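Reader: I'd like to go through this one and ask what stands behind the words used for it. Can we start with the pockets?

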Amino acid sequence: MQLVRPKIFVIIKSTMLKTKKELKEKIVSKLSSEFPLSAEEVELTSTPDQKFGDLALSIAFPLAKKLKTNPRAIASRAAELLSDLEGVEKVEVAGAGYINLYLDRKKFFSEKFANLEKTGLNPEEKKVIVEHTNINPNKAAHVGHLRNACLGDTLVRCLRYKGEKVEVQNYIDDTGVQVVDVVYGLMELEKKSLTDLDKIEGKFDYYCWDLYTRVSRFLAENQQAQAKRAEILKRIEHGLSPEADYAYYVSRRILRAHLATMKRLNITYDVLPCESSILGLKFWEKAFQMLRDSQTIHFSQEGESAGCWVMKLEDEPEREKIIVRSDGTVTYVGKDIAYQLWKFGLLGQDFYYEPFVEDNGRTIWISSARPTPYDVHFGAGSKVYNVIDVRQSYLQKVVVQSLKSLGYKEQASRSIHFSYEMVALSPKSLSEINVEISEEDKDRTFLEVSGRKGIGVKADDLLDRLEEKAFEEVAKRNPDLPLSSKQQIARQIACAAVRYFMLKYARNSLIVFDFDEALNFEGETGPYLQYTAVRLRSIFRKFQEKTGISYQEILRPELLKNINLEKLSPEEARDFWELIVYASGLDEEVLRSIITLEFANLAKFTFNLCQKFNSYYHNYQVLAEKDEELRTFRLMTIYFVHEILCQALDLMGIQIPEKM
RNA sequence: GCGCCCGUAGCUCAGUUGGAUAGAGCGUCUGACUACGAAUCAGAAGGCCGCAGGUUCGAGCCCUGCCGGGCGCACCA
């Protein structure tokens with residue numbers, strides 16, 4: 001049975017944010033006559049415990065400092081003034097001077113249920129661009145890339161939830177040195193023709209993973225080979241055959257593999273801008289003129305950088321960043337500046353585009369340097385997020401500074417480097433993937449992922465292992481399910497496990513990857529969240545099976561007018577209320593996650609919600625409840641949680657299996 | 001050398017602009033399934049929040065110094 005959501009509930013959003021906003025306005029108007037305070041100073045926080053009420057006001061402390069009296073006295077007077085706040089049942093002074101508010105529960109709950117208005121979140125931008133994934137198309141994706149893509153995709157989902165128009169870009173460096181190395185390997189080491197490449201069966205990204213490490217080692221050991229490699233690079237950059245054809249073949253075939261890997265995680269893109277297009281359409285030449293004319297960069301006459309075009313750095317006046325080399329070629333940062341200008345629509349030109357893959361009726365477009373018949377346009381965002389790991393902070397700073405220096409102050413401030421720490425590997429996980437550790441690395445507690453050295457857990461390998469394990473667990477519990485269902489569920493579980501794992505750590509926290517932790521399905525994991533939702537849903541399924549009544553009929557908003565909270569035992573009233581108040585915090589949590597770019601907040605919120613629900617689930621029977629009024633009330637309570645949980649999981653790209 | 005980041009329970013990590021009793025998960029130990037699904041729940045043990053000063057009504061959080069670890073600072077990307 002498919003769980004169909006009644007229409008009226010689809011638009012429910014948790015609106016604690018809205019409640020707080022409204023309360024805050026009233027509080028300011030009631031207090032400002034007697035106390036010197038501004039709206040910014042008034043903040044409603046949650047209390048450490050339900051027994052202290054629902055919301056706390058700590059304005060007495062700053063006021064006491066300002067007025068040189070004691071906070072408790074101020075709090076008492078303020079509480080008097082607030083005694084008749086609408087929607088608030090009780091106001092109390094506690095501790096050293098906290099003002100605690102107790103919400104009118106019935107009003108709050110019925111409002112949240114019946115409120116058809118929009119969420120407290122509103123879009124602020126014309127168009128937001130999020131760039132993430134950006135894997136060099138010369139080898140398979142690994143766990144480090146997964147962190148990037150999971151963070152980026154969650155940001156995208158949260159921004160869209162907020163109402164923003166979002167464009168997802170995945171930049172493809174199809175002419176860079178990494179692709180060159182693989183081309184070098186295919187042409188020089190393996191002497192393969194272009195038609196030979198088609199004969200390479202199986203996972204081409206895995207094939208190139210091994211080849212890339214072989215080439216890297218070969219080039220390190222054979223310095224004389226560098227000249228040939230440099231020549232290949234130049235020919236690829238200028239689009240000359242046959243090298244450019246090899247690069248095209250390799251990058252496109254591996255790109256398709258990457259997209260397939262990301263699809264396993266419900267991650268997709270709108271457009272794939274390629275470096276080859278940036279070169280072909282001479283974006284850099286345009287950017288160069290702008291940088292030169294605005295004197296953002298200048299030609300260096302002396303010193304180590306003589307003959308180069310360099311940029312002065314704001315906070316390090318003694319150091320200069322080279323943008324154009326003395327041989328006239330542009331550095332990586334230079335191309336990145338051009339790309340960033342295009343993202344903001346400041347370059348005055350666009351790429352051409354053509355469809356690359358069709359995915360469920362959605363097209364992923366790829367850039368082209370040559371005219372195409374398609375009238376589509378990308379870029380020109382008002383805000384840009386670049387999801388790139390923390391090691392590139394310095395370069396991202398250079399990019400932002402160049403915008404500033406060009407006079408685009410507004411864009412510079414809306415150019416956000418979404419940085420996060422890298423994923424490293426524990427010695428234990430290294431031995432699991434059969435990587436031998438060099439002598440110098442022996443004593444380290446973790447090892448950085450390195451495509452060049454071939455040190456890394458491949459994304460597809462991890463997903464395969466997760467699916468395998470999930471399949472076993474599903475088969476154990478649901479032996480009668482058809483094979484295809486079991487496989488489908490296993491895929492959903494594997495995806496949830498990876499996505500939650502990548503989200504649960506703060507972005508500043510280095511993840512030392514460990515298979516045991518990543519493969520865990522219990523405790524604070526994605527599958528735990530799914531399991532909670534599955535249990536929740538099965539109550540509704542069973543309800544319909546048992547009674548023959550659609551639960552939509554039971555969950556009519558009108559009923560809320562007549563609910564009688566007095567009927568609940570003190571324990572149940574407490575547990576019910578805790579669940580509702582907590583669930584109502586989703587909007588606020590999403591907003592906070594977007595502002596701080598800390599999606600571990602959202603992950604933790606969802607996990608805590610599940611814990612609270614599971615505890616409730618354990619304590620209160622729904623279907624077996626004889627009292628019909630009480631049963632309906634509990635159904636409404638868990639339905640509310642269900643809605644919030646579905647939204648939260650969707651924001652993290654986690655699907656809910658029918659069974660698991 | 002300069003810059004950025006991190007030291008919180010045995011392990012992995014949370015800790016809202018400084019605020020009420022420092023919290024989770026894993027692991028360990030003890031309980032709970034003839035079931036609204038035990039991938040769960042309830043409980044126990046486990047902390048000079050790296051060290052030393054300072055700021056104040058109040059510091060895991062802010063400032064200074066020190067110790068220990070990581071990452072940047074390319075005419076690589």
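Author: Sure. A pocket here is an open set of grid points where a 1.4 Å probe fits, with protein on both sides within 12 Å along at least five of seven lines. Keep in mind that this is a predicted model.

Reader: How much space lies in the second largest pocket?

Author: About 990 Å³. The pocket has 31 lining residues, and the closest to its centre are Lys20, Leu44, Thr45, Ser46 and Glu588. Helix α2 gives the largest share of the lining, six residues.

Reader: Why is the second largest pocket said to lie between domain 1 and domain 3?

Author: Because domain 1 (16–114) and domain 3 (521–651) both give residues to its lining.

Reader: What makes the contact between tyrosine 332 and RNA strand B a polar one?

Author: The cut-off is 3.5 Å between N or O atoms. A backbone N or O atom of tyrosine 332 is 3.2 Å from a phosphate oxygen of the strand, so the pair counts as a polar contact.

Reader: And what about arginine 477 and histidine 618?

Author: An N or O atom in the side chain of arginine 477 lies 2.7 Å from a base nitrogen of RNA strand B. For histidine 618, a side-chain N or O atom lies 3.1 Å from a sugar or linking oxygen of the strand. Set against 3.5 Å, both pairs are polar contacts too.

Reader: Which part of RNA strand B supplies the atoms within 4 Å of the protein?

Author: Sugar or phosphate accounts for 63% of them, and bases for the rest.

Note on methods
Residues are numbered from 1 along each chain as its sequence is written. Chains are lettered from A and ligands numbered from 1 in the order in which they are written. This is a predicted model: local features need pLDDT of at least 70, side-chain atom pairs count only at pLDDT 80 or more; totals for chains, interfaces and linings use all residues. Side-chain values use heavy atoms; hydrogens and water are left out. A residue is near a molecule or strand if one of its heavy atoms lies within 4 Å of it. A polar contact is a pair of N or O atoms within 3.5 Å; within protein, one must be able to donate a hydrogen and the other to accept it, and residues adjacent in sequence count only if both atoms are side-chain atoms. On a 1 Å grid over the protein atoms alone, a cavity is a set of points where a 1.4 Å probe fits but cannot get out, and a pocket is an open set with protein on both sides within 12 Å along at least five of seven lines; lining residues have an atom within 4 Å of a point. Grid points are joined across faces, edges and corners, and a volume is the space filled by probe spheres set on the points. Helices (H or I, at least four residues) and strands (E, at least two) are DSSP runs, numbered from the N terminus. Domain bounds come from an automatic or database domain assignment.
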